[in-house]
Amino acid sequence: MLDSILLAVGFVISILIVMKNRKIIKRLSMSQMIFVVFSYIVTVFIAFIGIYYGGNWIAGQTSNLFFKYFIFFIIVVITISFCKILLGKVLHKITKGLLPSNWE
């Protein structure tokens, strides 16, 4: 049940973000929109691989529960920061500076 609620909330938030930025989206060509969506999917996949496999492997090397969660938290923060920077640069290049307009 909680999974369904979280999926619905994520979907609603996505719709709100698209509606908020519809003027910018209308200025993009079809190929730019396809590459933007593809970039988001690839970035999420990279973050998933980094957090799930890399984070669990590195955090699993320690036996102390506190350090395990601390290391995993640090890996999550580093991975998300890296993916945010990567996505920002890719979107800036794809959209010729139109996106991300308020990234920082």
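# Briefing: helix H3, its partners and a pocket

Lys-96 sits in the segment after H4. The model is predicted. Lys-96 has a positive phi of about 55°, although it is not a glycine. With a relative accessible area of 72%, Lys-96 is exposed, because that value is over 50%. Lys-96 also appears among the residues touched by Gln-32.

**Nonpolar core**

- The largest nonpolar core has 7 residues in all.
- Its members are Ile-24, Leu-28, Val-36, Leu-87, Leu-91, Leu-98 and Leu-99.
- One of these core residues is Leu-98. Neighbours within four places in sequence aside, Leu-98 is in contact with Ile-24, Arg-27 and Leu-28.
- Of those three partners of Leu-98, Ile-24 and Leu-28 are listed in the core.

**Arg-27, in the loop before H3**

- Arg-27 belongs to the loop between helix H2 (22–26) and H3.
- Arg-27 counts as exposed because its relative accessibility, 61%, is over 50%.
- Beyond residues up to four places away in sequence, Arg-27 touches Gln-32 and Leu-98.
- Arg-27 and Leu-98 are 71 residues apart along the chain. Their C-alpha atoms are separated by 8.6 Å.

**Gln-32, in H3**

- Gln-32 has its place in helix H3.
- Is Gln-32 buried or exposed? Gln-32 is buried, because its relative accessible area of 13% is under 20%.
- A polar atom of the Gln-32 side chain lies 3.0 Å from the backbone nitrogen of Ser-29.
- Residues up to four places away in sequence are not counted in the next list. Gln-32 touches Arg-27, Ile-94, Thr-95 and Lys-96.
- Two of these partners, Arg-27 and Lys-96, are exposed residues.

**Ser-39, in H3**

- Ser-39 lies in helix H3, which spans residues 30–59.
- Ser-39 counts as buried because its relative accessibility is 9%, under the 20% cut-off.
- What lies 2.7 Å from a polar atom of the Ser-39 side chain? The backbone oxygen of Phe-35 does.
- Not counting residues up to four places away in sequence, Ser-39 touches Leu-87, Val-90, Leu-91 and Ile-94.
- Among these contacts of Ser-39, Leu-87 and Leu-91 are members of the largest nonpolar core.
- Ile-94 is touched by Ser-39 and also by Gln-32.

**Val-37, in H3**

- Val-37 is found in helix H3.
- Val-37 counts as partly exposed because its relative accessibility of 49% falls between 20% and 50%.
- Val-37 and Gly-60 are 23 residues apart along the chain. Their C-alpha atoms are separated by 33 Å.

**Second largest pocket**

- About 190 Å³ of space lies in the second largest pocket.
- The lining of this pocket has 10 residues. Thr-43, Ala-47, Ile-80, Cys-83 and Lys-84 lie nearest its centre.
- Which helix gives the most to the lining? H3 does, with 5 residues.
- H3 and helix H4 (65–94) each supply at least two residues of the lining.
- By class, the lining has 8 nonpolar, 1 polar and 1 charged residues.

Definitions and conventions:
Residues numbered from 1 in each chain as written. Predicted model: local features only at pLDDT ≥ 70, side-chain atom pairs only at ≥ 80, totals over all residues. Heavy atoms only, no water. Core = buried A, V, L, I, M, F, W, Y, C linked by side-chain atoms within 4.5 Å. Buried < 20%, exposed > 50% of the residue type's maximum accessible area, 1.4 Å probe, protein only. Contact = heavy atoms within 4.5 Å. Helix = DSSP H or I, 4+ residues; strand = E, 2+ residues; numbered from the N terminus. Polar contact = N/O pair within 3.5 Å; in protein donor to acceptor, adjacent residues only side chain to side chain. 1 Å grid on protein atoms, 1.4 Å probe; cavity = no way out; pocket = protein on both sides within 12 Å on 5 of 7 lines; lining within 4 Å. Points joined across faces, edges and corners; volume = space filled by probe spheres on them. Nonpolar A, V, L, I, M, F, W, Y, C, P; charged D, E, K, R; others polar.
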